[in-house]
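Trainee: Please take one charged side chain and look closely at its surroundings, then lead me outwards to the other side-chain contacts and to a small sheet.

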Amino acid sequence: LSEVRFLHIPVNAREPSPDSGAAGVGVDATLAWRAGREAATHNAYLSTDRQAVVDGTAPAVSMTNASYSSALDLGQTYYWRIDEVNEVETPPAWQGDVWDFTTQEFIVVENFEDYNDWPPDEIYMTWLDGYASAANGSQVGNLTPPFAETTIVHGGRQSMPLLYSNTSGATYSEGERTFAVPQDWTKHGVRTLGLWFDGAVTNTGTLYAKVNGSKVVYDGDAADLRRGWQAWNIELTSFGADLQSVKTLGIGIDGNGAGGTLHVDDIRLYPYGRQLITPTEPNNAGLIGHWKLDGDMLDSSGLGSHGTATGGPTYEAGKIGQAMTFDGVDDY
């Protein structure tokens, strides 16, 4: 005889899925585990209160399968425990270990990553623009491939270019997506719709968003439409729309004669209020230096901390005034 072994199946639940300590777990995840050998039923304890799970005071759900689904909220750490139960055995129950996991921080509504330059996956086939409406002065996508923007992006590889011109009979400019299956934006503790936008320095007009045709106007600095990437976080209740059945989402620009180019990226649902703060000019109290880089290295704070340019860096148009350009060799 060789390699004689005696094996047994533990009576306690084990091998949790997701793994204990896992992060970014989907809010639609199903919890699963390896059942104990004597188990007839399983009591599941699940809560964001660890001590309640440890003490067994969290609500228990009994089931016959070694899996459990429950409504989970975004951005939460959950603790769970499985007690294996068999009333005809002694003891009748075997208490399990306490496991934990953290759910995803947000739900992606649109990240613009799935579009390409081939039918039917061009970006303008999903985000409809003013092609068929004289009143809508928008154009979604670049005129030539790649139709989705691949250089000016906030996250990932692509963003949506929205070219607009509220002239020649156009009274607004808007790109709109209709969801194949209406979305429920009331689940998982969702509170806000967040998006990022980037504007050209010559942009004019007023930015807005629509849910099911209900409009919310951008409430930040109007000049943000002419700046680099800005975050806009919108309380969902402000739309006054049916959030249990979201069918359409639109991004647009109002303003008679308005025109320009906007890039939109990373449209998401968040479980918190306006944490994506609209940028504002900081208070000058405590200012110790301000270098505008508008053709020189002068400190405009009044404290005289002027800089010295070495190697011959040059100046060109920037997001605000001018920007300094370094050649990557000897400029500093």
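Mentor: Let us start from Lys215, which is partly exposed, with a relative accessible area of 37%; here buried means under 20% relative accessible area, exposed over 50%, and partly exposed in between, for a 1.4 Å probe and protein chains only. This is a predicted model, in which local features need pLDDT of at least 70 and side-chain atom pairs count only at pLDDT 80 or more, while totals for chains, interfaces and linings use all residues. Residues are numbered from 1 along each chain as its sequence is written, and side-chain values use heavy atoms, with hydrogens and water left out.

Lys215 forms a salt bridge with Asp254, with 2.7 Å between the closest N and O atoms. Because Lys215 belongs to strand β17 (residues 214-217) and Asp254 to strand β19 (residues 246-254), the pair ties together parts that are 39 residues apart in sequence. The term salt bridge stands for a side-chain nitrogen of Lys or Arg within 4 Å of a carboxyl oxygen of Asp or Glu; helices (H or I, at least four residues) and strands (E, at least two) are DSSP runs, numbered from the N terminus. Lys215 also lies over the face of Tyr208, 4.4 Å from the ring centre, where a charge sits over a ring if NZ of Lys or CZ of Arg is within 6 Å of the ring centre and within 35 degrees of the ring normal. In another such contact, the charged end of Arg268 sits over the ring of Phe106, at 4.0 Å from its centre.

The whole structure holds 12 salt bridges. One of them joins Glu174 and Lys210 at 3.3 Å, N to O; as Glu174 lies in strand β14 (residues 172-183) and Lys210 in strand β16 (residues 206-211), this pair ties together parts 36 residues apart in sequence. Glu174 is buried, with a relative accessible area of 7%. Arg81 and Asp83 form a further salt bridge, their closest N and O atoms being 2.7 Å apart; Arg81 counts as buried at 3% relative accessibility, and Asp83 is buried at 7%. Salt bridges also link Asp221, Asp224 and Arg227 in a network.

Turning to the rings, a search of the whole structure finds 10 aromatic pairs. Rings of Phe, Tyr and Trp (its six-membered ring) pair if their centres lie within 6.5 Å, with planes under 30 degrees apart counted as stacked, over 60 as edge-to-face and the rest as tilted. Trp80 and Trp99 form an edge-to-face pair, 4.8 Å centre to centre with 65° between the planes, and this pair links strand β7 (residues 77-85), which holds Trp80, to strand β9 (residues 98-103), which holds Trp99, 19 residues apart. Trp80 is buried at 1% relative accessible area, and Trp99 is buried at 7%. The rings of Phe112 and Trp127 have centres 5.8 Å apart and planes at 40°, so this pair is tilted. Both Phe112 and Trp127 are buried. Ring pairs also link Trp33, Trp80 and Trp99 into a cluster.

Finally, the small sheet is open and has 3 strands in the order β1-β3-β6, with antiparallel pairing; two strands pair if DSSP finds at least two bridges between them. Its edge strands, β1 (14-17) and β6 (67-69), each pair on one side only. β1 is joined to strand β3 (residues 30-34) by 2 bridges, the two running antiparallel, and Ser17 stands opposite Ala32 in β3.
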